[in-house]
Amino acid sequence: MTPDFPPLAFVDIETTGGSAGRDRVTEVGIVEVDGPHVRRWSQLIHPGTRIPAFIQQLTGIDDAMVADQPPFEAVAAEILDRLRGKLFVAHNARFDYGFLRAEFKACGIAWQAPVLCTVQLSRRLFPTQARHNLDTLIAVHGLQMPARHRALADADALAQFWQLLLHRFDTATLSAAVNALSARPAVPPQLDAEHIDRLPETPGVYVFYDAQRRPLYIGKSKNLRSRVLAHFSAALSKPKEMRLSQQVADIDWLETEGEVGALLLEAQWVKSKQPSMNVQLRRQRDLHAWQLDDTSALLTPLVPRLVNGPDIALGVQDNLFGPFRSRREALQLLETLATTQGLCRGVLGLEKLAPGRPCFAHQIRQCAGACVGTQPLAQHNLALLTALTRHKVQRWPHPGPIGLREGRDLHVLHDWRYLGTAKSEEEVAELLESGHTAFDFDTYKILSKALAKARAGQIVRLGQR
C-alpha cells in the first residue's frame, strides 16, 4: 500500500434478497486497509424476517444462524466507525452501498461515502477480459477464497485483488482509474443527492420534476443510473441540459425488464404527463395517411387520397401509407416522391390540370409525361406504388391480440396498440377487457421494430377479444 491512496474499506454483505427497499442485511464483512495496517471484521445480523430457502442455499446462512444475532441497529455505530473516512470498495458496489444506506436510514443515520466499484475498476484496467464478476476475478487472478458467498471471505478477495493491482500497475495509472471511478457525480443544486445513490443500473424510465412537482423531462435507458448522470455531466456543454439541471428538484423512475418495455412506457408517460422539455413523443391528435383505394388499376390513374382522424383504421386497413403527424408532412412526402421519381403532380392530385395541357413539371422536364400520355398510366402507377412501399402502414399480422415476452413481463398488444404489461394471467385478462386503446404513431414504430426482431417463443397468441 502506498500513501497515494486513501484508507480503504473493502465491503461485502449478504441479504435476504435483491431489493434494498424490501429486503434486509444478514451479514456484513469489512476489510479495512490503511497503509500497512489491515483489520478484518464480520458480523451476522438478525434481519427481522425469514431468509428465503434459495438465499439459504446460496449463502449457507439460515434462520437458525441469525436467531441470536443482533439487529442492524445494534451494530450500526460500529459499522459506521469502520467505514468513516474511508473509500467504500465493493463488487457491484451500488448493491452493497444501497443496502447499507437503507439500513442506516432506517436507524435515523444519514450516511454517505465515496464509492469504488471493483467491477468497473476491473473493466477499466483489464479491457480485453471477457467477464468481470467475482468468480472470474478469483479464477483469473488466483485469489484465495475459503467460503464463497460469505461476507468476510468475499471482502477479503477484493482486498487481495487490490494488492494484485498495486503490484501490476504503476501508481499514476491506478490513481487515475480510482479517481475517475470514485468521483461523486455533479448533482443539481435543488436535487437531493440520495436520489442519485438510489438509481439502479437497470433498464427503465425516469421522470425529472421541478420544485412544484411539474414534470420537466421523461426519458428511458438500458441503464437508468448512467443515463441520468449523463444529463448532469453534459450540463456544462449543452444549453438544454443546463436548463434541466437548474430546474430539476426530484426524480422518479420505474424499472423495466428490458428495452422494449422502457420504450413503450416512455411513449405512454410522455403523452400522459406532458413534460415541458419533451417534444418528439408528444401526443398526436390528428394523424394523416395516404390511402390508395384500388392498387390493381392499370388503365386509370392511382390518385392517393389524404385521410385522417376517424377515416383511418391504422393497423387494420391494408391500403394506408404513412402515418404523418400533419397534413403538411404528408403533402411534403408526396411532393418529394414526385420530384425524385418523375411522377406527375397533376395525376397525383397535387396540381390542377387544364384539359389537354401538360403539368408544369413536364414543361421543365421533371415529369415523365403521364399527364399527356407519353408515359403509360400503368408505368406511372407502378412507380408510385414502388415509391410508397417503404411508407406502407403494416397490417396487424396476427388474428387477434398477442403477448410479447420480455424477461418476466408480457407486453399485451393488438392492432399495433399497446394495452399494457402483465405479469400474470389475471393481469392479461384485465388488460384484454380494459377497452379500446387509440392508435399511437410512436407505439406503432416501437412495436413494428420489436416484432420484426422477436425470437421464437417470445410471441404468445392470446386469442380473439
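**Exercise 1.** In which strand is D12 found? Determine also whether D12 is buried or exposed.

*Solution.* The model is a predicted one.
Step 1. D12 belongs to strand β1, which comprises residues 8–15.
Step 2. The relative accessible area of D12 is 10%. Buried means under 20%, so D12 is classed as buried.
Step 3. With neighbours within four places in sequence set aside, the residues in contact with D12 include E27, D96, R150 and D154.

**Exercise 2.** Check whether the span of helix α8 agrees with the expected value, and find which residues of α8 are buried.

*Solution.*
Step 1. Helix α8 runs over residues 171–182 and has 12 residues. At 1.5 Å a residue, α8 should span 16 Å.
Step 2. The end C-alpha atoms of α8 are 16 Å apart, in agreement with that expectation.
Step 3. L174, S175, A177, V178, L181 and S182 are the buried residues of α8. Viewed down the helix axis, these residues fall within an arc of 165 degrees and therefore line one face of α8.
Step 4. A172 and N179, on the other side of α8, are exposed.
Step 5. The elements covering the buried residues of α8 include β4 (87–90), β5 (115–117), α5 (118–125) and α7 (151–168).
Step 6. At the start of α8, a side-chain oxygen of D170 comes to within 3.1 Å of the backbone nitrogen of A172.

**Exercise 3.** How many of the 18 residues of α7 are buried?

*Solution.*
Step 1. From its first C-alpha to its last, α7 reaches 26 Å, close to the 26 Å expected.
Step 2. In α7, 13 of the 18 residues are buried, so this helix is largely enclosed by the rest of the structure.

Technical notes:
Residues numbered from 1 in each chain as written. Predicted model: local features only at pLDDT ≥ 70, side-chain atom pairs only at ≥ 80, totals over all residues. Heavy atoms only, no water. Helix = DSSP H or I, 4+ residues; strand = E, 2+ residues; numbered from the N terminus. Expected span 1.5 Å × (residues − 1). Buried < 20%, exposed > 50% of the residue type's maximum accessible area, 1.4 Å probe, protein only. Arc of directions from axis to C-beta. Contact = heavy atoms within 4.5 Å. Polar contact = N/O pair within 3.5 Å; in protein donor to acceptor, adjacent residues only side chain to side chain.
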